[in-house]
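Work through the exercises below with the structure open beside you. Try each task before reading its solution.

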Amino acid sequence: MSNNPVNCSQQRVAGCSLFLMAAVENDSNFVWERAFVYNMARLRKMRGMSQNELANRLTAKGLPFYQATVQRVENGERSVRLDEACVIAELFEVSLDAMMTNFEGPMETASYSVDRVRRFAGSLVDAGQEDFGEFLNEFEILSITFDEMLTASGHKATSELSWLAAWLIKCGWVIESWIDVERYANGLTVKSGDWHEAHVTMVEAWTELQWLQDESVEMWQVLPEKERPWFLADLDPIELQRWIIGRSSGEHSEAP
């Protein structure tokens, strides 16, 4: 059997039908279906879902199930159709291979853990994408403000510009880190979502400001070394805030 996960949203009926028909042809006793039903009940219980809740979620996906339907399937009183198997696997975000495999002993425990790790990785990305979208919006406002201040200064370095550049650099590090988090977290799940598009947006947003941490940029050379953006960016937020407050109040002490 292939180890590649099936993308049900793209090949819901045709792909799943071919996949499961091949399994049936090689197994006249329908072992795959018994394993599928076992895993369906296991995953439902592991996720704290009642039979009625599972039925409602499947109905929302276009599969008209009732609590009694789920109960009959789990009791072995009703077969699982090919299209139904695909939708159920898609709902649990696991491959059909995994749904049709019945592990025993330590491997069953390992299978539970793998499923939980993959599920939480998907939740991490889902939860983070919305907040990170807001973060990028604020980052854009911050970069526009910097451009306006840079123009107003005649492209001459000031403490205020260096301070704001330091915050943009810090934001850039967050963007770079989040790209890695999404890349590796998506590597644990079977869904791609809008990650590639979001990735491009993030890269473009930060690439345009990479020059802020380039130590060879002549503009910053007029400032003391410890007041240049890349040095300030290494300060913790409280120290950075204290530094700019000190500069604004007329104190001329160097950054910590």
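The exercises go from the whole chain to single residues, and the model is a predicted one.

**Exercise 1. The overall make-up**

Task: State how many helices and strands the chain has, and what share of its residues is buried.

Solution:
- Step 1. Count the elements. There are 12 helices and 0 strands.
- Step 2. Turn to burial. Of the 256 residues in the chain, 40% are buried.
- Step 3. Look at the contacts between residues at least 6 apart in sequence. Of these, 69% join residues at least 24 apart.

**Exercise 2. α4 against α5**

Task: Decide whether α4 and α5 are roughly parallel or roughly perpendicular to each other.

Solution:
- Step 1. Find the helices. α4 covers residues 51-60, and α5 covers residues 67-74.
- Step 2. Take the geometry. Their axes are 8 Å apart, at an angle of about 110°.
- Step 3. Apply the cut-off. Angles of 65 to 115 degrees count as roughly perpendicular. The two helices, α4 and α5, are therefore roughly perpendicular.
- Step 4. List the residues that meet. α4 brings Gln 51, Asn 52, Leu 54 and Ala 55. α5 brings Gln 67, Val 70, Gln 71 and Glu 74.
- Step 5. Sort them by class. The contact of α4 with α5 has 3 nonpolar, 4 polar and 1 charged residues.

**Exercise 3. α4 against α6**

Task: Describe how α4 packs with α6, and classify the residues of the contact.

Solution:
- Step 1. Take the geometry. α4 and α6 (residues 82-92) have axes 10 Å apart, at an angle of about 110°.
- Step 2. Conclude. α4 and α6 are therefore roughly perpendicular.
- Step 3. Name the partners. Leu 54, Arg 57 and Leu 58 of α4 touch Val 87, Ile 88, Leu 91 and Phe 92 of α6.
- Step 4. Sort them by class. The contact of α4 with α6 has 6 nonpolar residues, no polar ones and 1 charged.

**Exercise 4. The nonpolar cores**

Task: Find the largest nonpolar core, and say which helix supplies the largest share of it.

Solution:
- Step 1. Size the core. The largest nonpolar core has 30 residues.
- Step 2. Pick out its best-connected members. Phe 139, Phe 146, Ile 175, Leu 212 and Trp 220 have the most contacts inside this core.
- Step 3. Trace the sources. α8, α9, α11 and α12 each supply at least two residues of this core. The largest share, 10 residues, comes from α9.
- Step 4. Look beyond it. Another core, of 24 residues, lies apart from this one and includes Phe 36, Val 73, Ile 88 and Val 94.
- Step 5. Return to Trp 220. Beyond four places in sequence, its contacts include Phe 146, Leu 161, Trp 211, Arg 228 and Trp 230.

**Exercise 5. Helix α3**

Task: Compare the reach of α3 with its expected span, and find what follows the helix.

Solution:
- Step 1. Count. α3 runs over residues 31-46 and has 16 residues.
- Step 2. Compare. α3 reaches 22 Å from first C-alpha to last, close to the 22 Å expected.
- Step 3. Check burial. Trp 32, Glu 33, Phe 36 and Arg 42 are among the buried residues of α3.
- Step 4. Move past the end. Gly 48 follows α3, with a positive phi near 70°.

**Exercise 6. Two single residues**

Task: Decide whether Asp 97 is buried or exposed, then locate His 155.

Solution:
- Step 1. Place Asp 97. This residue is in α7 (residues 96-99).
- Step 2. Check its area. Buried means under 20% relative accessible area. Asp 97 has 8%, so it is buried.
- Step 3. Relate Asp 97 to Trp 32. They are 65 residues apart in sequence and 9.2 Å apart in space, C-alpha to C-alpha.
- Step 4. Locate His 155. It is in the loop between α8 and α9. Its phi is positive, about 60°, although His 155 is not a glycine.

Conventions: Residues are numbered from 1 along each chain as its sequence is written. This is a predicted model: local features need pLDDT of at least 70, side-chain atom pairs count only at pLDDT 80 or more; totals for chains, interfaces and linings use all residues. Side-chain values use heavy atoms; hydrogens and water are left out. Axes are lines fitted to C-alpha atoms, for helices over the stretch in contact, and angles run from 0 to 180 degrees between N-to-C directions. Helices (H or I, at least four residues) and strands (E, at least two) are DSSP runs, numbered from the N terminus. Angles under 35 degrees count as roughly parallel, over 145 as roughly antiparallel, 65 to 115 as roughly perpendicular and the rest as oblique. Contact means heavy atoms within 4.5 Å. Ala, Val, Leu, Ile, Met, Phe, Trp, Tyr, Cys and Pro count as nonpolar, Asp, Glu, Lys and Arg as charged, and the others, Gly among them, as polar. A nonpolar core is a set of buried Ala, Val, Leu, Ile, Met, Phe, Trp, Tyr and Cys residues joined through side-chain atoms within 4.5 Å. Buried means under 20% relative accessible area, exposed over 50%, partly exposed in between (1.4 Å probe, protein chains only). The expected span of a helix is 1.5 Å times one less than its number of residues.
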